Amino acid sequence: MKIKILADEVASQIAAGEVVERPASVVKELIENALDAGADQIEIRVLDAGKRLIAVSDNGTGIHPEDLPLTAVRHATSKLENAEDLFKVSTLGFRGEALASIGSVSHMKITSRSEDAQVGASLRVMGGSIEEPRPVGCPIGTTIEVANLFYNVPARLKFLKTDRTEKRHIDDVVVHYGLAYPDVRFKLTHDQDLTFQTTGKGNAREVLSAVYGVDIAQKMVPVIAEDEILRISGFVSPPGITRSNRREVLIFVNGRPVQDAALVKSLLQAYHTMLMKGRYPLAVLFIEIPVEQVDVNVHPTKAEVRFRDKGEVFRSVGKAVRRALLANTPVPGAGVPRGNALWGERSASAPSGRRSSWMDPGGWGREETLPEGTKPAYQPVIPDTEVPILRLIGQVAATYLIAEGPDGLYLVDQHAAHERILFEKFLAERADEIPSQQLLEAVHVDFSPSSADLVAEKLPLLNQLGFEVESFGHNGFVVRAIPLLLTDLSPEAALRSVVEDFEEDETPLESRIEEKIIARVCKRAAVKAGQALTGEEQKSLLRDLEACQSPRTCPHGRPTMIHLPVDLLEQKFGRKGPR
Ligand code: ADP
Ligand code: MG
């Protein structure tokens, strides 16, 4: 074969592949452009998970009509002039690639008006071909609409995940910028639904609440550390609030979300011995560093950066986070034996089977020691240890069991507790007891090619979990039975609900997938809140919970119980002064 230079069209599609991987990449680039244009209001509208339309409007500086045709030309940018500038990039964009790339794989329309222009102009780019701009009336700012993404790259389209997953990626992008730019008002709608919104009032905790809920936002621990070069700020979760993956450890360098395994690792190390194995904190951490100290031109999507002195940055991050966490460590309550210097160390190292390891972190007494008006920024740690033998007192609100232990009062959430019990039971028996329900008529379910591969790979597991599924034709499957526990769903929905769990996981590990599926099944099977239980049922629930290996959390990591130590009761009743 002879060597040929690729046609422009092909070359730009190849280049586009690096920048535009999925709808969320488009959202990211358009938001970055809006931020670079100084916008403080950014609205993102998405139709069909971004496959039909992504529209981003901003109130930034706008684009002068003369410049408009250049926006979609590769390597055309207003943010960089010469090679030296590359070493002091202070904008989010600088490669002049995004709009050219997006325009080559979609139908794009840019409508913009700059302050110094009487009227606005709009420009269409259809699969890479740039049309003549036309004058239009519009407010100052820019709207970029991207329709029919990947219409001319069927391979890309095929590799997109379920709408749910693609939407989640879009949500993540918007949330990340929302967190990093609390001064900017973000609004995201999917089809007709308002999914995420910030006020732009500059209050970081307010954005945290919009993302994680008020409860978690209040408990997040502030981090702040500064030296001549670095400024580290943000919020990290106290050890009691964790997730099963590190997806919510977010790190920003000079306002840019970055993915840097080593940075994440140095943050995680700050939690040394405070977290259970396999649990990760939530974190939103901002690193500000002089632009000459960091190279942002490492990766087409600009998701990676290179620090001039990375050791120093990693150390500073670790130190800042560790210091913030220690400052928020609850004081162990009196009467509770103090373990190693950190209460967290007990929870991480307490061997199960040791009854004395129930000790409560004692955080409950802390509230009293804080100056008035300050909220305690922690949540009691949930040690991954056994519970003592409990004496049932009764049920309240048909939802909680009250029990007495040697060390005080226990409130048990019956649903969460039952989930935990079922979960451990299924794991122990390797699920071979999950009863299934034969369908009267076999049901045919089709999957997208990428999902079909996953399903085919996981067939043995599915069959073990109470499904009876086999491959049938191209990307199709026949379902003959489903787990009894899922019979309130249609067979198709039951299978899809489980398969979505495979897809959500970026690096599906067999054991994790199995756990996730079982957790989902258990959630459905567990007694519900609001369900009255007989005395016998309540007792056996407690007995079974005591027998669990990790009785204090449900399979999704939420607490199954709240422990009120005698100590705290005495204090609350004024029998003992606060410490
Ligand atoms: P880059 O951001 O790397 O410069 P892009 O392809 O993303 O490259 O954008 C090209 C140029 O288009 C930018 O340099 C900027 O001048 C202009 N531009 C793009 N989006 C906007 C916007 N929302 N507001 C103002 N100007 C914009
Ligand atoms: Mg850009």
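Visitor: Which of the residues around ligand 1 come nearest?

Guide: A residue is near a molecule if one of its heavy atoms lies within 4 Å of it; in this predicted model, 19 residues surround ligand 1, and those that come nearest are Asp58, Thr77, Ser78, Lys79 and Gly96. Local features here need pLDDT of at least 70 and side-chain atom pairs pLDDT 80 or more, while totals for chains, interfaces and linings use all residues, and side-chain values use heavy atoms, without hydrogens or water. Residues are numbered from 1 along each chain as its sequence is written, with chains lettered from A and ligands numbered from 1 in the order in which they are written.

Visitor: How does the shell around ligand 1 divide by class?

Guide: Seven residues of the shell are nonpolar (Ala, Val, Leu, Ile, Met, Phe, Trp, Tyr, Cys and Pro), four are charged (Asp, Glu, Lys and Arg), and eight are polar, the class that takes the others, Gly among them.

Visitor: Which helices each supply at least two residues of that shell?

Guide: Helices are DSSP runs of H or I with at least four residues, numbered from the N terminus, and here α2 (23-36) and α4 (98-104) each give the shell at least two residues.

Visitor: Where do polar side-chain atoms lie from ligand 1?

Guide: A polar contact is a pair of N or O atoms within 3.5 Å; a polar side-chain atom of Thr77 is 2.5 Å from an oxygen atom of ligand 1, one of Asn33 lies 2.8 Å from an oxygen atom of the ligand, and an N or O atom in the Asp58 side chain is 2.8 Å from a nitrogen atom of ligand 1. Of the 530 Å² of accessible area (Shrake-Rupley method, 1.4 Å probe) that ligand 1 has on its own, the protein covers 92%.

How values were computed:
Polar contact = N/O pair within 3.5 Å; in protein donor to acceptor, adjacent residues only side chain to side chain.
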